[in-house]
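Me: I am new to this structure and would like to go through it slowly, asking at each step how a label was earned. Please set each value against the cut-off behind it before drawing a conclusion.

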Amino acid sequence: MNESSTETATLEPPPPTATPTIEIHHLHRFFGNLKAVNDVSFQVHAGEVMGFIGPNGAGKTTTMRILATLDVPTAGDAFVGGYSVVDKPDEVRRILGFMPDSFGKYQNVNVLEYLDFFARAYGFRGAARRDAIERVLVFTELRKLAEKPIDTLSKGMSQRLGLGRTLIHDPQVLVLDEPAAGLDPRARVELRELILLLATELNKTVLISSHILTELSEICHSAAIVEAGQILASGSRDAIMQGHRRTGPDESVELEVSVVGEVNKLQRWLLEQPHVGAVRIADKNARFEFTGNEQQQANLLKAMIASDIEVVSFQGRAHSLEDVFMAVTKGITQ
Ligand SMILES: Nc1ncnc2c1ncn2[C@@H]1O[C@H](COP(=O)(O)OP(=O)(O)OP(=O)(O)O)[C@@H](O)[C@H]1O
């Protein structure tokens, strides 16, 4: 493992590898009548951070626990590094690190002792154990806190320690359940940098869940959107956006226009124009859905100026992962 760097890792998707490191095949997990995971399939490749995004109760933790061999599917299977979680759980555990959404805050244990405990549990002895702990302390930048009792750590440092514990056996695959939950903005950015480094510099495969989209939209190369146990969309960010966007002559974009002076005049004018959907006004600008091609957008701008509307800016706003999430999920809970 390398030392953490201050360079910002990129969100360029990694070159595709032949075999995905995580392959989930028609996974089902029922609790009585409740279909917590209901035919979930997706893949994640080495060097990729995939966001597993869905509202509370969507089935993210249940899917992740099965990947981590802490639970077994009702039907279907999942493969980690080619090993079935059902048939080869020991092999899966060797190459996978699972960070649960909450973990024990033991008393009278400092950071070093905590990591040492997990290094021993993974079977590291002597110099190999010291090296494993040192690698994690350097990567997570927790060295200066080595002597600090873990129940006195801030939330951000505590999450770093949780990530460090997950990294102690240097797993190829990381499954992180809501690691950014409750972090302040700085701690979130720092955690994001660490996770991106793991994927882009160290070629690890990362599956990371959240029900808060903004936590993940800046970190993931790809995403699987889940609701009520079912995948609603999955793939690279671009593929998800593309799949959601209408194509061809009737492509729909959100346009934002800022003006000098009366924004209500712009609103009234827009409502009379073809191709314009619901108009929302804020301060000096209007946002609206426009269904038409680029030429029709250009015509709209020309007509706007010809109508004495003093335009300061006129721009299209790309659909974000958040827009897709809101569009494909229905707010279903079980
Ligand atoms: N052991 C269990 N027995 C019964 N029901 C369960 C069990 N584990 C999970 N569930 C139910 O399965 C559904 C999916 O839960 P899961 O924890 O996987 O969702 P999640 O997407 O991780 O949501 P959250 O963000 O709230 O943790 C929920 O309705 C939950 O109550």
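**The shell around the ligand**

Me: How do the residues of the shell around the ligand divide into nonpolar, polar and charged?

Reply: Eight residues of the shell are polar, four are nonpolar and one is charged; please keep in mind throughout that this is a predicted model.

Me: How many residues surround the ligand, and which are the closest?

Reply: The ligand is surrounded by 13 residues, and the closest of them are Phe-31, Ala-36, Asn-56, Thr-61 and Thr-62. A residue is counted here if its C-beta atom, placed from the backbone, lies within 6 Å of the molecule.

Me: Which elements each supply at least two residues of that shell, and which gives the most?

Reply: At least two residues come from each of β2 (34-44) and α1 (60-67), and the most come from α1, which gives three.

**The chain and its cores**

Me: What does the domain assignment of the protein chain give?

Reply: The assignment gives domain 1, covering residues 22-242, and domain 2, covering residues 246-318; the C-alpha centres of these two domains are 43 Å apart. The protein chain contains 11 helices and 14 strands, and of its 334 residues, 35% are buried.

Me: What makes the largest nonpolar core a core, and which of its residues have the most contacts inside it?

Reply: The name requires buried residues of the listed nonpolar kinds joined through C-beta atoms within 7 Å, and the largest such set has 66 residues, with the most contacts inside it made by Val-49, Met-50, Leu-67, Val-80, Val-175, Ile-195 and Val-206. Helix α6 (residues 185-200) provides the largest share of this core, six residues. Another core lies apart from it, with seven residues, including Leu-255, Val-257, Ala-286 and Phe-290.

Me: With which residues is Val-49 in contact, leaving aside its neighbours within four places in sequence?

Reply: Val-49 is in contact with Ile-195, Leu-196 and Ala-199, and also with Val-206, Ile-208, Ile-219, Cys-220 and His-221. Of these partners, Ile-195, Leu-196 and Ala-199 are among the buried residues of α6, a list that also includes Arg-188 and Arg-192.

**Two helices set against their expected spans**

Me: How do you know that the end C-alpha atoms of α6 are as far apart as they should be?

Reply: The expected span is 1.5 Å times one less than the number of residues, so the 16 residues of α6 should span 22 Å, and the distance between its end C-alpha atoms is 22 Å, which agrees. For α10 the 13 residues should span 18 Å, and its end C-alpha atoms are likewise 18 Å apart, which agrees too.

Me: Why is α10 said to lie largely in the open?

Reply: The number of buried residues among its 13 is one, and therefore α10 is described as lying largely in the open. Gln-297, which sits in this helix (residues 294-306), has 17 C-beta neighbours inside 10 Å; that falls between the limits of 12 for exposed and 20 for buried, so Gln-297 is called partly exposed. Beyond its neighbours within four places in sequence, Gln-297 is in contact with Phe-290 and Gly-292.

**Loop residues, buried and exposed**

Me: Why is Ala-68 placed where it is on the scale from buried to exposed?

Reply: Being buried takes 20 or more other C-beta atoms within 10 Å, and Ala-68 has 22 such neighbours, so Ala-68 counts as buried. Ala-68 is found in the loop between α1 and β4 (75-80), and apart from its neighbours within four places in sequence, its contacts are Leu-96, Phe-98 and Val-175.

Me: What is remarked about the phi of Thr-69 and of Asp-283?

Reply: Most residues other than glycine have a negative phi. Thr-69 is not a glycine, yet its phi is positive, about 60°; Asp-283, also not a glycine, has a positive phi of about 55°.

Me: Are Thr-69 and Asp-283 buried or exposed, and how do you know?

Reply: Thr-69, in the loop between α1 and β4, has 21 other C-beta atoms within 10 Å, which meets the limit of 20, and so Thr-69 is buried. Asp-283, in the loop between β12 (276-282) and β13 (285-291), has 7 such atoms, under the limit of 12 or fewer, and so Asp-283 is exposed.

Terms used:
Residues numbered from 1 in each chain as written. Predicted model: local features only at pLDDT ≥ 70, side-chain atom pairs only at ≥ 80, totals over all residues. Helix = DSSP H or I, 4+ residues; strand = E, 2+ residues; numbered from the N terminus. Nonpolar A, V, L, I, M, F, W, Y, C, P; charged D, E, K, R; others polar. Domains from an automatic or database assignment. Contact = placed C-beta atoms within 7 Å.
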